Amino acid sequence: MKHRYIVVEGPIGSGKSTLARMLAERFGAGLLLEDPSANPFLPQFYRDMKRYALSTQMFFLFQRVNQLASIKQPDLFEGKAVADYMLAKDTLFATLTLDDNEFALYTQLYNHLRPQAPTPDLVIYLQASVEQLMQRIQRRGRPMERSMSEDYLARLSDAYTRYFYDYAESPVLIVNSDRFNFVDRQDDFNLLIKRIEGIRGGKEYMNAA
């Protein structure tokens with residue numbers, strides 16, 4: 001693994017956690033996963049986003065900062081790590097859910113904590129159609145996600161697309177996860193590994209097998 005710190009990102013249901021686990025196992029790297037079940041505000045958020053957005057967002061921000069601090073301890077992960085999130089995603093969600101006053105408060109805190117998070121050596125951005133995302137979310141059947149609307153998921157997907165269009169802090173491999181099945185097709189996974197090992201910088205696309 002030539003990249004010390006790889007992040008897999010994408011909207012809810014894109015398969016980022018599954019792929020992060022596979023990459024960590026393949027490369028013998030430490031694994032950092034989000035833990036939505038630890039957020040006590042999340043179930044209420046999906047039922048009443050306006051009321052619980054700020055508390056939900058604040059909890060995730062502190063959780064992510066605390067986890068990412070471990071990457072700055074090389075002995076912990078022997079210098080290699082794969083995560084299924086990046087801290088910058090917090091602002092992406094915040095712009096969708098917080099009102100102006102809440103966002104101003106959140107931004108002050110985020111800017112204070114952001115320097116504690118390392119910059120990825122590579123970001124793998126998983127894209128998928130809203131229809132595919134909805135199907136995957138329904139298939140995995142998490143109770144707290146049952147009330148998630150297609151409109152929210154569409155706005156979230158669009159926010160990811162706009163964010164990574166401008167993102168330039170790390171090399172980005174953009175992968176259409178509608179067309180690739182890394183779990184069930186070994187050839188797809190092997191092709192991804194080859195692309196990861198060969199990427200040099202900027203943005204590259206993996207759209208068709």
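These legends walk through several close-ups of one predicted model. Local features need pLDDT of at least 70 and side-chain atom pairs count only at pLDDT 80 or more, while totals for chains, interfaces and linings use all residues. Residues are numbered from 1 along each chain as its sequence is written, and side-chain values use heavy atoms, with hydrogens and water left out.

**View A. The open sheet, strand by strand.**
Six strands make up an open sheet with parallel pairing, in the order 2-3-1-4-5-6. Strand 2 (30-32) and strand 6 (203-206) sit at the edges with a single partner strand each, so one side of each has no neighbour in the sheet. From one strand to the next, the twist averages 20 degrees. On the bookkeeping side, strands (E, at least two residues) and helices (H or I, at least four) are DSSP runs numbered from the N terminus. Two strands count as paired if DSSP finds at least two bridges between them.

**View B. Strand 1 and its two partners.**
Strand 1 (residues 5-9) pairs with strand 4 (residues 122-127) in the parallel sense, over four bridges. Here Glu9 stands opposite Tyr125 of strand 4. Strand 1 also runs parallel to strand 3, and three bridges join the two. In that pairing, Ile6 has Val82 of strand 3 as its bridge partner.

**View C. Both faces of strand 1.**
In a regular strand the side chains alternate between the two faces of the sheet. What covers the faces of strand 1 can be read residue by residue: Tyr5, Val7 and Glu9 are buried on one side, and Ile6 and Val8 are buried on the other. That makes five of its five residues buried. The cut-offs are under 20% relative accessible area for buried, over 50% for exposed and partly exposed in between, using a 1.4 Å probe and protein chains only.

**View D. Helices 1 and 8 against the sheet.**
Helix 1 (residues 16-27) lies across strand 1, strand 2, strand 3 (81-83) and strand 4, and runs at about 155 degrees to strand 1. Helix 8 (residues 150-166) packs on the sheet too, touching strand 1, strand 4, strand 5 (172-176) and strand 6. The direction of helix 8 makes about 145 degrees with that of strand 4. Contact here means heavy atoms within 4.5 Å. Axes are lines fitted to C-alpha atoms, for helices over the stretch in contact, and angles between N-to-C directions run from 0 to 180 degrees.

**View E. A buried salt bridge between Glu9 and Lys89.**
Side chains of opposite charge can pair when their charged atoms come close. The rule used here asks for a side-chain nitrogen of Lys or Arg within 4 Å of a carboxyl oxygen of Asp or Glu, and it gives a count of nine salt bridges. In one of them, Glu9 and Lys89 meet at 3.6 Å, N to O. Glu9 belongs to strand 1 and Lys89 to helix 5 (residues 89-97), 80 residues apart along the chain. Glu9 is buried at 0% relative accessibility, and Lys89 is buried at 4%. Zoom out a little and Glu9, Glu34, Arg64, Lys89 and Asp90 are linked in a network of salt bridges.

**View F. Two salt bridges with partly exposed partners.**
Glu169 and Arg114 form a salt bridge whose closest N and O atoms are 2.8 Å apart. The pair is 55 residues apart, with Glu169 in the loop between helix 8 and strand 5 and Arg114 in the loop between helix 6 (100-113) and strand 4. Both are partly exposed, Glu169 at 47% and Arg114 at 38%. Within helix 8, Arg155 and Asp151 meet at 3.4 Å, N to O. They are four residues apart, so about one helical turn separates them. Arg155 is partly exposed at 34%, whereas Asp151 is exposed at 51%.

**View G. Aromatic rings.**
Rings of Phe, Tyr and Trp (its six-membered ring) pair if their centres lie within 6.5 Å; planes under 30 degrees apart are stacked, over 60 edge-to-face and the rest tilted. That rule yields twelve aromatic pairs. Phe93 and Tyr160 are edge-to-face, 6.4 Å centre to centre with 90 degrees between the planes. Phe93 sits in helix 5 and Tyr160 in helix 8, 67 residues apart, and both are buried. Tyr106 and Tyr110 are stacked, because their centres are 5.9 Å apart and their planes lie at 25 degrees. Both belong to helix 6. Phe93, Tyr125, Tyr160, Tyr163, Phe164 and Tyr167 form one aromatic cluster.
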